[in-house]
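Thanks for coming. I will take this one slowly, so please have the sequence and the model open while I talk.

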Amino acid sequence: MALLFSLAAVAATLSSSVSAAATSGDLNILSFNVAGLPAILNDNAVPGDKATNAEHFNYHAYIYATDDHSYRTATSGGAAIGSGLNTLSNFDWIDFAREKWGTCSDASGADCLTPKGFTFMRLIVEEDAGTEAGDEVARAANLQQVADYIDTWSIGNSVVVYGDTNSRYTRSADGITVFETQNGLTDGFVQLEKGGVNPTVETICDNPSLINTCETVDKVLYRGSKQLSLEATYFNYESSKFLQSDGSILSDHNPITVNFTWAVSSTRRQSGFWGGPHGNWFNDLESLPATPKASVLSFRGGSRLDSVGLTLTSGTTLTHGGTGGTAASLTLGSSEYWVTAKLCQGQKSGQTRNFYILATTSLGRTLAAGTSTSDCATFSAPSGWQIVGFMGQDGDEMDQLAFIYAPK
Ligand SMILES: *[C@@H]1O[C@H](CO)[C@@H](O)[C@H](O)[C@H]1NC(C)=O
């Protein structure tokens, strides 16, 4: 019996402010429910219930002792303490968060004893880039919670959701289609093994499964964005790669792989982030007209950076942050572009925020707001590109900020 219902969501966004940086590549997901793992992997086999605190803890330790991924989440503890969800990655990330389910059920066991949920991260698939991911649990209320989380925290971004959803398309009450209907995600299994049609007849997988056309409750779902396209190219049950030496299975779930290719858009890119992941997520990517150009920069600042804003030549106004501080603005000429932004961050109430912005145009004119610190980063649009919008997190000040680039 699997103790953990885990569903991991990874939302990828990408930037290309470094001209030599890669503009396309691979991203491969392996999702494996390990909670049902036999105790044989421990030197002292634990009799009885496999889902004990010790086994959880030992299992994480075992994986980490033999794993060589560069980036790994810190484990959150054994059952009753931790969610059991972990991500091992060749890509770095920012903004990692563990979220608990708002609803749990003890109807079929001790589902509420351990703080199950999902994790979230912004995965960086390229230098100067950001991404996001989350992991989570099943059943309609839980899937709805993840779908709503994606709507809030991944606006405008590419998203990959992966893990054990405990759901099948043939059980409509499970609500697994919420990711398709609410978030615009595609299921790699449905796309590559079912001709794009959600299964209507239940096909339970053997374990290990020697075919790919049966449906399991573990899923990998995804969408691209206006800045980073994602395309699933390969789906497989990797069961034969995860067997014990005597040929028996390691887990009561088949591990699944979905391979992706990603590519940056020819019309939208982004900078890296500066500041801290506090406040509400925003992203101007979906609000930009086809050929955006800044006509007025509008900032507010005082002891810190209160807000950033842009009026585009289309008339679209983009504003983020609060109304405090002193307003400053700069009107750009018809052939003048915003090309560089320097941000400085600092600590306020124990959290990192942006304290200062200095914008420089293609004619060398500048607009500044806030108070400079010693912890600064400068983001420049690639040659031939300009800054046309923002993404990040804000409250009544600018917590976290990145810039959207478009061709001039
Ligand atoms: C899928 O990705 C895995 C892991 O990177 C790789 O070993 C495998 O060859 C890929 N399969 C295909 C068909 O691209």
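I will go from the whole chain to the ligand, then the cores, the disulfides and a few single residues.

A word on the source before that. This is a predicted model, in which local features need pLDDT of at least 70, side-chain atom pairs count only at pLDDT 80 or more, and totals for chains, interfaces and linings use all residues. Residues are numbered from 1 along each chain as its sequence is written, and side-chain values use heavy atoms, with hydrogens and water left out.

The whole chain, then. The protein chain has 4 helices and 25 strands; these are DSSP runs numbered from the N terminus, H or I of at least four residues for helices and E of at least two for strands. Of its 408 residues, 54% are buried. Buried means under 20% relative accessible area, exposed means over 50%, and partly exposed is in between, with a 1.4 Å probe and protein chains only. A contact here means heavy atoms within 4.5 Å. Taking contacts between residues at least 6 apart in sequence, 70% join residues at least 24 apart. The accessible surface of the chain is about 16600 Å², and 51% of that belongs to carbon and sulfur atoms. Those areas come from the Shrake-Rupley method with a 1.4 Å probe, and for residues only the protein chains shown count as cover.

Next, the ligand. Which residues surround the ligand? They are Asn-28, Tyr-234 and Asn-259, where the cut-off is a heavy atom within 4 Å. The side chain of Asn-28 has an N or O atom 2.8 Å from an oxygen atom of the ligand. For the side chain of Asn-259, the corresponding distance to a ligand oxygen atom is 2.5 Å. On its own the ligand has 360 Å² of accessible area, and the protein covers 37% of it.

Asn-259 also turns up among the contacts of Thr-233, which sits in strand 11, residues 228-237. Leaving out residues up to four places away in sequence, Thr-233 touches Leu-192, Asn-259, Phe-260 and Thr-261. Between Thr-233 and Phe-260 the C-alpha to C-alpha distance is 5.5 Å, with their positions 27 residues apart in sequence. Thr-233 is partly exposed, at a relative accessible area of 45%.

Phe-260 leads to the cores. A nonpolar core is a set of buried Ala, Val, Leu, Ile, Met, Phe, Trp, Tyr and Cys residues joined through side-chain atoms within 4.5 Å. The largest one has 41 residues, and those with the most contacts inside it are Leu-27, Val-160, Phe-179, Val-220 and Phe-260. A second, separate core has 38 residues, including Phe-299, Leu-305, Leu-310 and Ile-357.

Val-220 is also a contact of Gly-188, along with Glu-193 and Phe-235, when neighbours within four places in sequence are set aside. Gly-188 lies in helix 4, residues 188-193, and is buried at 0% relative accessible area. Its C-alpha is 6.6 Å from that of Phe-235, 47 residues away along the chain.

Leu-305, from the second core, is in contact with Glu-397, and so are Arg-304, Asp-306, Gly-321, Gly-322 and Arg-353, again leaving aside neighbours within four places. Glu-397 is in the loop between strand 24 (385-394) and strand 25 (398-407). Is Glu-397 buried or exposed? Buried, with a relative accessible area of 9%.

Now the disulfides, meaning pairs of cysteine sulfur atoms within 2.5 Å. There are 2. One joins Cys-205 to Cys-214, S to S 2.1 Å, and this link is right-handed, with 105° about the S-S bond. Cys-205 is buried at 15%, and Cys-214 is buried at 3%.

The other joins Cys-344 to Cys-376, S to S 2.1 Å, and is right-handed, with 100° about the S-S bond. Cys-344 is in strand 20 (residues 338-348) and Cys-376 in strand 23 (residues 376-380), so this pair ties together parts 32 residues apart in sequence. Cys-344 is buried at 0% relative accessibility, whereas Cys-376 is partly exposed at 28%.

Last, Thr-361, in strand 21, residues 351-361. Thr-361 is buried, at 3% relative accessibility. Its side chain makes a polar contact with the side chain of Glu-336, at 2.7 Å. A polar contact is a pair of N or O atoms within 3.5 Å; within protein, one must be able to donate a hydrogen and the other to accept it, and residues adjacent in sequence count only if both atoms are side-chain atoms.
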